[in-house]
Structures are given as C-alpha cells and as structure tokens.
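The following exercises concern the model shown below. Each sets a task and then works through a solution step by step.

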Number of protein chains: 2
Amino acid sequence: MEKKVISAKDVAKLANVSQSTVSRVFTSGASVSEKSRKKVLKVADELNYRPNALARGLIKQKTNMVGLAMKDIQNPFYHEVLGMFTQKLKEKGFSVLFVYTENEEIEQEEINNFLEYNVEGIIVTDALLSSKVVTKLHNNNIPVILFNRYHKDINCDSVSCDNINAASEIAGYIYDEGYRDIVFITGKSNTSTSRDRQKGFTDFLKHKGIDITILEGDYSYEESYHLTETMIENGHQPEVIFGANDVTAIGALDALKAMSISVPEEVSVIGFDDIKMSSWPSYMLSTWAQPIEEMINETINLLLTNSKHKETLKLKGHFIHRNTTK
Amino acid sequence: MEKKVISAKDVAKLANVSQSTVSRVFTSGASVSEKSRKKVLKVADELNYRPNALARGLIKQKTNMVGLAMKDIQNPFYHEVLGMFTQKLKEKGFSVLFVYTENEEIEQEEINNFLEYNVEGIIVTDALLSSKVVTKLHNNNIPVILFNRYHKDINCDSVSCDNINAASEIAGYIYDEGYRDIVFITGKSNTSTSRDRQKGFTDFLKHKGIDITILEGDYSYEESYHLTETMIENGHQPEVIFGANDVTAIGALDALKAMSISVPEEVSVIGFDDIKMSSWPSYMLSTWAQPIEEMINETINLLLTNSKHKETLKLKGHFIHRNTTK
DNA sequence: CTCCATTTTGCATACGTATGCAAAAACGTT
DNA sequence: AACGTTTTTGCATACGTATGCAAAATGGAG
C-alpha cells in the first residue's frame, strides 16, 4: 500500500518524454507541442501527479506563500479580516502560512519561521514588529505590511483606516447634535488605532472648547462594561459614549441597558469597526465602518509591487447610523 | 543592497568547514565536534543564516507543515479553535498552512494545494470532504482528521464533542426541572453536530413521552432571532428553548428580551459551545462547554500517530449553569 | 611512540523541479 | 528535394539541504 510519491520523472517515463517536457507542461508559458501536452496530462491525471511546490519554490526562489501573523483573534473584526485575506490571497495564487500571536510585538521566532519557508511577503495584523526585524526583512527583499497598525520608528508599508479623521468626523457629528458631556473609552493604549481615534476625537472637541472624559479601556467587553457601570454608579451619566471599537461600545451599551438607561434617549453610544454583531437587532449600534475590502486589496497590492518606497496608507470608511444615536 | 539569500555553503566557506558540517550543526542528533559547532554557529549568527525549510523538506520528505481548512469562521467558537490549534501545533514544531472555505465540503483544489506543499497532515474543521479525496490522501499516507464533524461514508479520523450524550444530558436536566413545553432550534441540517444534538435531545424526551417543537435554524443569530420572534408572535411561548449552538441561543435570548419576556422566569434558554460571549454579563447564558483543549490535543495526537486504524473520538464536556436557567 | 577504537569530517549524491543550450524535429518556401 | 526558419525536445545543471560512506582526525591504552 505504501504508495510512494510520484514525480515528474515517473510521468515522463510512462509518457515517453523527458522530465523537462513534463515540467514544461506544468509551467505556464513554456513551449510544448500539443501532442506532448495531451500525452503528459493524460498520464499525469492517471498517476495523480501534481508538481511539488517545495522543489519548485526552491529552484524558482518563489514559493507562492505569504506569511500572515495575526494578533487578538478575539476581536470579531479580525475574523472577517482573516477570512477575506485568505480568500483574496488565494485568488492571487498565494497560500497562507498562518501564525497567531499573543504579544503586541511579533516575535523574532515567528518571523524566522516565515523566512525559513521563503515566504514572499509578510502581513502583520493588529501587531507590530521591531524595526530591527523589519530592516532584516527588507535586506532579504521581503515586503512586510502592517495592517491596522503603524509606528513612526518602523519604516515599512502599512494600511489602516484613517482613524484620526474618522474619529474627528464622529466628534463633528456629536458636536452638531449638541452633546457636551462626552465620554471616550480607549482601547489598549499601546496601539496606534486607539491613540489615533482618541486624538482625532479629542482634538476636534478641544478645538471647540469641549473637554471630554476619558476612560482607559483595553478593547475588551468586560473592561468597558465595568468602566461604564462604575461611572454611572458614581453619578456621572454622560450624553454620549464613544468606544474605541465595537466590542468596547457594546460593553458600554450592555452596561447601560443593565442599569435601565435608555439608548439613545438618555445616552447615545457609538462604536468603531462595524463588526457583524453591531447589526444584530438587540444592538443596532451606530458605528464607523472600516473599508475592510479596500484595505485588504491595498495591502495585497503593496505586497505584490514591493516597492522600495514605503507607504502609510489610510483609507476612509464611513459612519453608519443605527439605533444607538438619535 | 540586493543581498542574496545565504546558504549553508556560504556559512561553510567562512567557517572553514564543509557544507555537510554546517548541515549537521543544524540537524539534531548529528555528530559534530564542539569546536566546529561553535565556529559554525558564530558565522551563522553573523550572516543571519537559517536552514531553508523547503530544501530540508524536499530531502527529508518531511515539511513540518500541517494543512488547516476551516469553515464558518463567523462562529466565535472557531476563532478559539483556530487560535488554540495554531499555538499547539507550533509547540509541536508545525507550521500551519491555512485555508478558509465557504463550502460544506472542502474542495479538491484546496486539498491539492495542501498536497503540493507536502503537508504532513490535514485538519478539517467544521466541514467535510468527499470519501474519494480521503482515499487519495490515505494512499499518499497523509492523515486527515475531521474536527467537529464526521460522516459514516467517510473513513477517517474524527474528533468531536459527544453531541448526542451532551444533548441528552441537557434534556435530562430540562426534564428534571419539570418543563414540558420545549423548543429546539436546529443548526444547519446537513451538519453532524446539529443532527446529533437534535437526536440526543429529542430521543431522551420522546422516551419520556414528550414531543418537542423543532424550529429549523441555520446556526445564525439572525435566523434564530427571527424564528423565536415569529413563534412568540404566533402565541407560542415555551418554557425552555435549547439552541443548537450559543449563537443560536443568544439570538433567541435577544428576541425574548426584545419582547420583554423575562429569562429564566418565563422562558429558560440553553446554548451549546460556551463561546466567550456567553459569559458576558448581559447574556450569562447557560450552555454546554465543549472540551476544546482536550479535543485539540486529541486531534493533534491522531495526526502524529497516523495509525491505519481510524478512530471517531467523542469527548464529553460539561454543562455550565448560568443565569438563563433556573 | 605505536596501535586500535572512536569520533569527526568531507565527498558525493539525492530530493523534485526549472531552464539555458544545443540538437532534433517540424514546417514553409522555392 | 534542398534549404532556411521556427518550434519542440532532451541533456545537463542548479536550487539548498541531508546523509551514507570512506578518509582523516582524535583519543586512549600499552
């Protein structure tokens, strides 16, 4: 039963051609006569032959593999991102070498793993890597793209939502509605997403002469729920709460509901991400929709072009008005 | 700048040894003198050398890669599964080639992709594959394990929660509580998980002389919400609702809340999976916790042993009593 | 220092594919 | 049929590593 793995040589023998010819049949753009192609394909099909991607990668210095490192898979936003990445990369002919990381900074080890497999590019989602590692990758001519993160000290491509502007627009909306008692619940403070959302939000309002209340969250439901609950218990009931992401906003929303505070009549709530859950009837959360598809397209684009000139792309997105705002 | 990729040969030259010696330094169990090892490691570190996994895989017929095909990444349960799989596989020295699929049956193409890369095993989560494909894989001596699915016509290893027994135990609990007006909201009917949960549940109750109401869901929040809402509107308010998974139960729960029906006083709700969301304060859903970690350990175990004798493992798990049951 | 046993090393080859080069085949023109 | 042109083919080699084998180096005992 121990059927040994069949190679181009085996096919060649049965088809009465050379191994080169077999190879050419499976190499697009190579010159093979129609007769040989037919013969080879027939035998290949019978033997169930498929070219070995490792050997091919070895000789072509091209593996068709992309490393995808992802953090914080708890946030539903990234599930959608993961799904879309794998699908779009597949369309482009790439396979995905997946790594899940718990640290804010991807570890050397993960990258080494990617390098050993000669990935053609690395996408890092919701995490960072040291500038030393980035330099090393660039020396090896491997593009690396940060998705939804960037850092001034890290010279590499990055794609994210224009968090500053988005938060600023949200602030504008809130301002126009006449709200003045405003709360922002942050995400993890060491993330550029949270910092930018906070900056865009507070700067706009400060410019209008409004100081807001900032609660230090961590992008988790639990923490946000707890913060909101405590705030209300301490007698502070704001007019509007803006959460650094949807999970945060939903945590606040649930806390308000639990305390029988009506939304949006007494307190408005706004999130960020537009995860699927936000459109569930029990939430109907007003939120900022990140242009996921566009962001992913651009990321893959940067990967494919691999230009020496590094870009920091920031895409817009749009506000979605649901039932947690008036 | 175009720094070319460095090979064992380069290291060998600088360290004044042969390529074989360099190779042996990076092959555990090979015989190298301490002196050479030191020399080689020093140079390797300077040059930033790491053995090429492709070349190694080619010659050793061992790639340290595992194919992971996953369906329905929308269900939060599978995010936890994905995270745990990648971590545990990494611990065992495997890299994960990830594929996301939308079809109930993994397509030939995905498998071919895995095969081209010489994966050492394939894990299929929440989906099936044709018995033809399985046979082909077995012929190539590649183990394939279904996670949370099985099928009588597919002769391959599988690991899942013992859904029949779990649902049966839940039925027992419900019966003991004295409930008689009972609703089960199914998942997708073509999944073994949903079928088994339905079977364990209904069989137990039928045996007690109780007929239950079955609503055909699809594991989605929206459908479950809608089904529950319609049922109540039609005047049927049961004593307890059992959802085929947590997302289903949460959909029902939210529908009940929206209609101001108190849980668990008027209606109890029970789910299945114990996803993170179920322990959110606003839900506190009573549910069945699948023994994820154990399931994953067993799956990896089967992968490693790759015995000719195929097993269908069913692990137990346990009931978690929260606030949606009395 | 000599001899033998053991360890370490290098050489050569293999893994399965792609590709430059030259030979062979096919084709078209006169 | 003879020639030149184009297409197709096979040969040989390369990619970067692991490993059997024999040669070389090391170590220990006398």
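**Exercise 1. Determine which way the side chains of strand E3 of chain A point, and place the strand among its neighbours.**

Solution. This is a predicted model, and the strand covers residues 122–125 of chain A.
- Step 1: A:Ile122 and A:Val124 point one way, while A:Ile123 and A:Thr125 point the other way.
- Step 2: All four of these residues are buried.
- Step 3: E3(A) runs parallel to strand E1 (residues 65–71) of chain A, to which four bridges join it. Within this pairing, A:Met70 has A:Thr125 as its bridge partner.
- Step 4: E3(A) also pairs with strand E4 (residues 144–147) of chain A, in the parallel sense and over four bridges. Here A:Ile122 stands opposite A:Val144.

**Exercise 2. Compare the dimensions of chain A with those expected of a compact globule.**

Solution.
- Step 1: For 326 residues, a compact globule would have a radius of gyration near 20 Å.
- Step 2: Chain A has 26 Å instead.
- Step 3: The C-alpha trace of chain A spans about 85 × 40 × 35 Å along its principal axes.
- Step 4: Chain A contains 12 helices and 12 strands, and 49% of its residues count as buried.
- Step 5: Of the contacts in chain A between residues at least 6 apart in sequence, 68% join residues at least 24 apart.

**Exercise 3. Test whether the span of helix H5 of chain B agrees with its number of residues, and describe its burial.**

Solution.
- Step 1: The helix comprises 16 residues, 76–91.
- Step 2: At 1.5 Å a residue, the expected span is 22 Å; the end C-alpha atoms are 23 Å apart, which agrees. The expected value follows because the rise is multiplied by one less than the number of residues.
- Step 3: The buried residues of H5(B) are B:Pro76, B:Phe77, B:Tyr78, B:His79, B:Glu80, B:Val81, B:Leu82, B:Phe85, B:Thr86 and B:Leu89.
- Step 4: After H5(B) comes B:Gly93, with a positive phi near 90°.

**Exercise 4. Describe the interface between chains A and B from the side of chain B.**

Solution.
- Step 1: On chain B, 46 residues are in contact with 46 residues of chain A.
- Step 2: The elements of chain B that give two or more residues to this side include H5, strand E2 (95–101), helix H6 (108–116) and helix H10 (221–233).
- Step 3: By class, this side of chain B has 21 nonpolar, 17 polar and eight charged residues.
- Step 4: Strand E2 (residues 95–101) of chain A pairs with E2(B) in the antiparallel sense over three bridges. One bridge sets A:Val96 against B:Phe98.

**Exercise 5. Identify the protein surface near each DNA strand.**

Solution.
- Step 1: DNA strand C is surrounded by 28 residues, the closest being A:Ser7, A:Ala8, A:Ser23, B:Ser18 and B:Ser36.
- Step 2: H4(A) gives the most to the surface near DNA strand C, namely five residues.
- Step 3: The surface near DNA strand C divides into 11 nonpolar, 12 polar and five charged residues.
- Step 4: Around DNA strand D there are 28 residues, of which A:Ser18, A:Ser36, B:Ser7, B:Ala8 and B:Ser23 come nearest.
- Step 5: H4(B) supplies the largest share of the surface near DNA strand D, five residues.
- Step 6: The surface near DNA strand D has 11 nonpolar, 12 polar and five charged residues.

Conventions: Residues are numbered from 1 along each chain as its sequence is written. Chains are lettered from A and ligands numbered from 1 in the order in which they are written. This is a predicted model: local features need pLDDT of at least 70, side-chain atom pairs count only at pLDDT 80 or more; totals for chains, interfaces and linings use all residues. A residue is buried if 20 or more other C-beta atoms lie within 10 Å of its own, exposed if 12 or fewer, and partly exposed in between; C-beta atoms are placed from the backbone. The radius of gyration is taken over C-alpha atoms; the globule rule is 2.2 Å times the number of residues to the power 0.38. Two residues are in contact if their C-beta atoms, placed from the backbone, lie within 7 Å. A residue is near a molecule or strand if its C-beta atom, placed from the backbone, lies within 6 Å of it. Ala, Val, Leu, Ile, Met, Phe, Trp, Tyr, Cys and Pro count as nonpolar, Asp, Glu, Lys and Arg as charged, and the others, Gly among them, as polar. Two strands pair if DSSP finds at least two bridges between them.
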